[in-house]
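Colleague: I'm new to reading protein models, so could you walk me through this one? I'll ask, you explain.

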Amino acid sequence: MQHPRIIQGGMGAGVSNWRLARSVAEQGGLGVVSSVALDVIMVRRLQQGDPGGYMRRALKAFPDQTVASGIIEKYYNEEGTEEFHDFKQPPVFTVEPVREIQELTVAANFAEVFLAKEGHSGKVGINYLEKIQMPNPASVYGAMLAGVDYILVGAGIPLEYPQMIENYTQSRAGRLKLNVEGAEKGHEYIMELNPAEILRDPPRELKRPYFFPIVSSFILAMTMAKKVKGVDGLILENHTAGGHNAPPRGALQLDAAGSPVFGSKDQMDYKKIAELGLPFWLAGGYSMPGSLENAREEGAEGIQVGSVFAFCRESGFQGDLKTQFLQSIEAGEQEVFTDPKASPTGFPFKVAHMEGTLSEREVYESRKRVCNLGYLRHIFRKEDGSLGYRCPAEPVDQFTRKGGAAEHTEGRKCLCNALLSNIGLAKRYARGYTEQPLVTAGEHTESIALMIQEKGYDYTAAEVLAMLRSGR
Ligand SMILES: Cc1cc2nc3c(=O)[nH]c(=O)nc-3n(C[C@H](O)[C@H](O)[C@H](O)COP(=O)(O)O)c2cc1C
């Protein structure tokens, strides 16, 4: 099997959308959509009037039309425009999710993959964050219903995904174990999706997509390669990559700017990785002409590239954020910061310094904390044995009342709302406040500068691929 050499990395939420993935796939790369928050993204697009009719068209192809028409009926707003932000909210995921959110999640993942794959024979993948646990069984099933070719999972140890994928190929229930803080020893909490409970007539067989975990250490690469059946390749992502990073190994040390210090222990030995016998791709700063050759000399099959695609024409970032970011790159003024606190997950998160976004203290402090999307909530066991949910970015008194430590809330940002704001889907509240953006990008921005120099601000995904393939 010849896998694509260039993978356009999954970028949440909605940055690597179906348009970007489709463009990349049409040009022979692996186009990857992000699964993060697709349920909310779909219903907000519908409420903004579904420009172009894409969501409705994708839903028309969904295997259960009762489910699809229920979604359109509830959320589609014919008069909606880009300026519509008073969004109706779907139910939030819990350990015992209401049926509607399971259906929405399956349908939204189906729709994004369906649109990315439409009209060409290129390869399309979907990216999951292991840490966003509750929606993922439904999300994976939805993507497989649309015939997704690759499943890539980062930000965690996705040991159970291959079995879940295998089950779905036979229309059996898929399940993942949930991390529950304070769980009694030996007690397992499970999230399950049974296709027969969601679709009236689920297809009996589905294609098995390739499965690539995204890892940042040899130990994890080895665990995935040796202990898990059904791993087809590895993405090795270093700490310069955009989005979330794995924390440094060993005790956390911060540099003068407050970013975690990564050292030699965080470097992966590609020779040892090659001995695991799986094809691998290198990610994090492999985005210049010649990067592909460099990676192949290290024994890699190819590269996974994010940031330079994140700011191209087809990506989901809203236009003015793209322009502002590209201007800062052109002026040589952008220094992406690795923020150890911003993400409620506790993982370091790369943040671009940008005016008017939550990277600025005043903008951050003027936001009243609220947790209404809940993707990054931690599940915990209460004293009476029932389960609760808390997010370090929620109001501090609520977090501490639920037993969370106040120091864990310091500097935490509501990525759920900010990332939706990045893509033009910010929520506006009755009190007048509109959620503000927070842009993430990788540390290496040379390739973005190169694209601006050669093509201007409105460069395309196809031009990025041509640059990556142009060689040294
Ligand atoms: C805007 C942005 C969002 C990202 N979001 C995710 C994500 O949701 N999941 C993930 O596994 N990786 C994410 N990444 C990482 C990319 O998939 C890719 O591995 C990385 O960007 C490669 O490094 P580069 O930016 O130096 O090219 C993100 C990167 C960017 C720039």
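Colleague: Is the crossing of helix 17 and helix 18 left-handed or right-handed?

Modeller: Keep in mind that this is a predicted model. Two packed helices are described by the angle between their axes and the distance between the axes. Here helix 17 (residues 446–455) and helix 18 (residues 461–469) pack at about 110°, with axes 11 Å apart. That makes helix 17 roughly perpendicular to helix 18, and their crossing is right-handed.

Colleague: Which residues of helix 18 meet helix 17?

Modeller: Start on the helix 17 side, where Ser-447, Leu-450, Met-451 and Lys-455 make the contact. Sorted by character, the residues of this contact come out as four nonpolar, one polar and two charged. On the helix 18 side, the partners are Glu-463, Val-464 and Met-467.

Colleague: Now for the rings. Are the rings of Trp-18 and Tyr-54 stacked or tilted?

Modeller: A search of the whole structure turns up 13 aromatic pairs, and Trp-18 with Tyr-54 is one of them. Their centres sit 4.7 Å apart. Planes under 30 degrees apart would count as stacked and over 60 as edge-to-face. The planes here are at 55°, so the pair is tilted.

Colleague: How many residues apart in sequence are the parts that this pair ties together?

Modeller: Look at where each ring lives: Trp-18 is in helix 1 (residues 18–26), and Tyr-54 is in helix 3 (residues 54–60). Trp-18 counts as buried at 4% relative accessibility, while Tyr-54 counts as partly exposed at 25%. Because they lie in those two helices, the pair ties together parts whose separation in sequence is 36 residues.

Colleague: What about Phe-311 and Phe-325: are their rings stacked or tilted?

Modeller: Phe-311 is in the loop between helix 12 (307–310) and helix 13 (319–330), and Phe-325 is in helix 13, 14 residues apart. Phe-311 is buried at 1% relative accessibility, and Phe-325 is buried too, at 0%. Their ring centres are 4.0 Å apart and their planes are at 10°, so this pair is stacked.

Colleague: Which residues do ring pairs link into a cluster?

Modeller: Rings pair up if their centres lie within 6.5 Å. Linked that way, the cluster is made of Tyr-150, Tyr-210, Phe-212 and Trp-281.

Colleague: Is Ser-35 buried or exposed?

Modeller: Ser-35 sits in the loop between strand 2 (30–34) and helix 2 (38–47). Leaving out residues up to four places away in sequence, Ser-35 touches Asn-109, Ile-126, Asn-127, Tyr-128 and Ser-139. The cut-off for buried is under 20% relative accessible area. At 6%, Ser-35 therefore counts as buried.

Colleague: Which elements do the buried residues of helix 16 pack against?

Modeller: Helix 16 (residues 415–422) is mostly covered, with eight of its eight residues buried. Among them are Leu-415, Cys-416 and Leu-419. Just after helix 16 comes Gly-424, with a positive phi near 80°. The buried residues of helix 16 pack against helix 2, helix 13 and strand 13 (349–351).

Colleague: Last one: how far apart are the C-alpha atoms of Ala-183 and Leu-206?

Modeller: Ala-183 is in the loop between strand 6 (180–181) and strand 7 (190–193), and counts as partly exposed at 29% relative accessibility. Leaving aside neighbours within four places in sequence, Ala-183 is in contact with Tyr-189 and Arg-381. Leu-206 is 23 residues from Ala-183 along the chain, and their C-alpha atoms are separated by 35 Å.

Methods. Residues are numbered from 1 along each chain as its sequence is written. This is a predicted model: local features need pLDDT of at least 70, side-chain atom pairs count only at pLDDT 80 or more; totals for chains, interfaces and linings use all residues. Side-chain values use heavy atoms; hydrogens and water are left out. Axes are lines fitted to C-alpha atoms, for helices over the stretch in contact, and angles run from 0 to 180 degrees between N-to-C directions. Helices (H or I, at least four residues) and strands (E, at least two) are DSSP runs, numbered from the N terminus. Angles under 35 degrees count as roughly parallel, over 145 as roughly antiparallel, 65 to 115 as roughly perpendicular and the rest as oblique. A crossing is left-handed if the near helix is turned anticlockwise from the far one by less than a right angle, and right-handed if clockwise. Contact means heavy atoms within 4.5 Å. Ala, Val, Leu, Ile, Met, Phe, Trp, Tyr, Cys and Pro count as nonpolar, Asp, Glu, Lys and Arg as charged, and the others, Gly among them, as polar. Rings of Phe, Tyr and Trp (its six-membered ring) pair if their centres lie within 6.5 Å; planes under 30 degrees apart count as stacked, over 60 as edge-to-face and the rest as tilted. Buried means under 20% relative accessible area, exposed over 50%, partly exposed in between (1.4 Å probe, protein chains only).
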